[in-house]
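Please look over the sequence and the model together before reading on. The paragraphs below go from the chain as a whole to its core, then to the spaces left inside and at its surface, and finally to one helix.

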Amino acid sequence: MMITKNITKYLIACSLCCGGAAVTSCSDMLEADSSRQLFDPALDQKTDSVFYAYGIMEAMQQLADQYYFQNEMRGDLVKPTDKASTHLRNLASFSADATNKYDSVYLYYKVINNCNYYLAHRDTTLATGARNVVCNEYAAVASFRAWAYLQLARQYGAVPYITEPVTTIGQINANTTMTNYQTILAGEAQMLETLKARYTEDQLSVPTFGQTSRSVGYLNWGDLEKFINPRKCFIPLNVVLGDIYLELGQYEQAATCYYQYLRYEGLSGGNISVNYNESMSNAYSSYSPIFKNFQYWPADYNASKNSTLYNGQPIWLSSFQHSASPGDVISYIPMAVNYTMGKTTDIPATFGYNYYGTESRSAISSNITFSFSCPKTEDIQVVPSPAYCDSARRAQYYYYTEQVKVSPFNWIVRNEPLGDARAMIVSQGAGADSSYVYTYKPSTAYVLLYRNATVWLHLAEAINRMGYPDAAFAVLKNGLHSELPNYRYLEVYLKDQAGNDSIDENGNKVLDMTQSHIDDKYYLTPESYTLLTEKLPFLAQANSDIFKNGASKSFVGIHFHGAGAVEDLYSTYRYSTVLNAKIADISKKFGLALNAYTKDDYINAMEDLLCDEYAMEFAFEGTRFSDLRRIALHKNQAGTYGGNFGDRWLSRMLQNNAAGITTQNCYLPYK
């Protein structure tokens, strides 16, 4: 049966190369032309359907810019310049109408319908010997569909829920019923849970097609070749399922999915750690519009000494480089190197980068050059917002000053209010070009979907709402690994000769101060320790070879990226100190008059602390609006300060975009 060209142009964005030829024989990076006529793909035969999967990726490429700008422009971390297009300005002000180029639900439905066709027609029983040759791909396609519906839910609230392939006008016209996002996400979760029950973890892992790196061509400028890793073009099932549960406020299910993903990847030898950051440099003040006001650095500050403890380890910036497997990136949408090689993106140009130009040098003089340095222009449409800059400046950076013999730690830690080191990705021009401000992340033309840091921080968000804010804080301060029990709040009592607790003259049990850990350096409660050894057994003996730390420092708290040595026992980045300050700040901002703090106060404050971390960790990656909306929904659901507190909170976060934005009126017009 031939599917007519005019229908498939907007419903089925995939194609098949002839005869099962190698992927590298395709004419562009994914070889997918949505305008071709299609014949029924051989999805019921034992053939590698890699080309169909790559067709779905081509549909992902077509929605990449829309996904990015819907999230980034409608968040609080960027602002449009006077050169910004009307489309971008209207997104930022929540005034976009049906004419906005970044508001097209059909781009999401192109992905969904391709997935529906595959899921409906692919024979899942095919095997080579005892090995099923389909299940990994089938699970990956189901994850694509779930991800697309998750994005529709975040941006539009209610949309048609279509789970069968649409190939006729009649079917199109029949699918007009709007379904709320809770029902849609519950349906997608059920689909993914069915696959989890049917297949093993190995069978659910993303496809690799036998490749770890594949060239997709040379850039027009310089001598740089771009590579992709096929497995990073897919989204792991447990990651998107965890996000669906998190969106729905089903926190234990979300945390379980994140744990299962991290454990499987770690057991399989995959990278699940987060990268370290370079030490704060006093050179920041010479090029960053955020740090330029710092005139005096501590006399005992030594940047080279601060970097020696983690010498040779990967740095945070390596996640934003031009390579097949950058840093801690799990999934991305890779865009083509030029217009002749496939789908390109407007994102770099929007931030002032001439990614598709032919000039090998920047038109703008700059004081900083990263390992990958795309030519810059003066046509900057989007820059960091004052909210982002203020957030970066407020953070404290902790640094190592000298090595001492204090068992069990060998470093004295001091701190200075120097800001968050992750703001180093913001730079400005030099000399006559000093008014131009650039953000480095968007310059590589990869649209990042998930990093290891995403999974760890979303895990922390879920654990916090489960009622364990101290365990969530551990993700920021230490990381969940074998050394975390050193930070347990522990009361050990002296025993008498009979083995019973010793009692003092007042009838109270007597603490053994040589073994007890009861000051504020020790924050992990017994309840959280039980959680992390039983229900989410990161600290269980059975997992000691996966989530382990040691001389190599495989894991660190994610706040380390911006603040340095926060994990040290003697750091002043402590649970009670940080959370009490956050509660006081929230109380003042919202007129809550909080005095004696409850556990609910700590959970709400920990959520705000995570939101701050999202701002610095994921700024300019295209996630901000979704993070804000999700957190606001959870605050409403918790009802800690009233059932509409999340709406009040969201309105305050987005007050510089538009007045009165809530979880009810934040959605884009459906078209």
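A residue is called buried here when its relative accessible area is under 20%. The model is a predicted one, and by that cut-off buried residues make up 59% of the 671 residues in the protein chain. The fold is built from 22 helices and 16 strands. Among the contacts in the protein chain with a separation of 6 or more, 74% are between residues 24 or more positions apart.

With the chain as a whole in view, the next topic is the nonpolar interior. The largest nonpolar core holds 202 residues, and the members that touch the most other members are Trp 147, Tyr 388, Trp 456 and Phe 538. Helix H5, which spans residues 135–156, contributes the largest share of this core, namely 15 residues. What surrounds Phe 538, once residues up to four places away in sequence are set aside? The residues touched by Phe 538 are then Tyr 259, Leu 262, Trp 456, Leu 459, Leu 480, Leu 532, Asn 543 and Phe 547, and one of these, Trp 456, is itself among the core members with the most partners.

From packed side chains we turn to empty space. Rolling a probe the size of a water molecule over the atoms shows where such space is left. The largest pocket encloses about 1,100 Å³, and its lining is made of 35 residues, with Ser 391, Arg 394, Lys 582, Asp 585 and Asp 612 lying nearest the centre. Two or more lining residues come from each of helix H14 (386–394), helix H19 (575–590), helix H20 (599–618) and helix H22 (645–653), and H19 gives the most, with 8 residues. Sorted by class, the lining of this pocket comprises 15 nonpolar, 7 polar and 13 charged residues.

The model also contains enclosed spaces, and 5 cavities of 30 Å³ or more are counted. The largest cavity, with about 180 Å³ of space, is lined by 19 residues, of which Tyr 67, Leu 449, Thr 454, His 458 and Thr 623 lie nearest its centre. At least two residues of this lining are supplied by each of helix H2 (50–73), H5, strand S16 (446–451), helix H15 (452–466) and helix H21 (624–638), while S16 provides the largest share, 4 residues. By class, the lining of the largest cavity divides into 6 nonpolar, 7 polar and 6 charged residues.

The second largest cavity holds about 100 Å³ of space, and the residues lining this cavity include Tyr 68, Phe 320, Ile 347, Lys 441, Phe 620 and Glu 621. Here too S16 gives the most to the lining, with 3 residues. The lining of the second largest cavity has 9 nonpolar, 1 polar and 2 charged residues.

The last stop is H14, one of the helices that line the largest pocket. Within H14, the residues Tyr 388, Cys 389, Ser 391 and Ala 392 are buried. Seen down the axis of H14, these buried residues fall within an arc of 160°, and they therefore line one face of the helix. The elements covering them include strand S11 (382–384), strand S14 (426–428) and H20. Two of these buried residues also appear earlier in the account, since Tyr 388 is among the core members that touch the most others, and Ser 391 is among the residues nearest the centre of the largest pocket.

How values were computed: Residues numbered from 1 in each chain as written. Predicted model: local features only at pLDDT ≥ 70, side-chain atom pairs only at ≥ 80, totals over all residues. Heavy atoms only, no water. Core = buried A, V, L, I, M, F, W, Y, C linked by side-chain atoms within 4.5 Å. Buried < 20%, exposed > 50% of the residue type's maximum accessible area, 1.4 Å probe, protein only. Contact = heavy atoms within 4.5 Å. 1 Å grid on protein atoms, 1.4 Å probe; cavity = no way out; pocket = protein on both sides within 12 Å on 5 of 7 lines; lining within 4 Å. Points joined across faces, edges and corners; volume = space filled by probe spheres on them. Nonpolar A, V, L, I, M, F, W, Y, C, P; charged D, E, K, R; others polar. Arc of directions from axis to C-beta.
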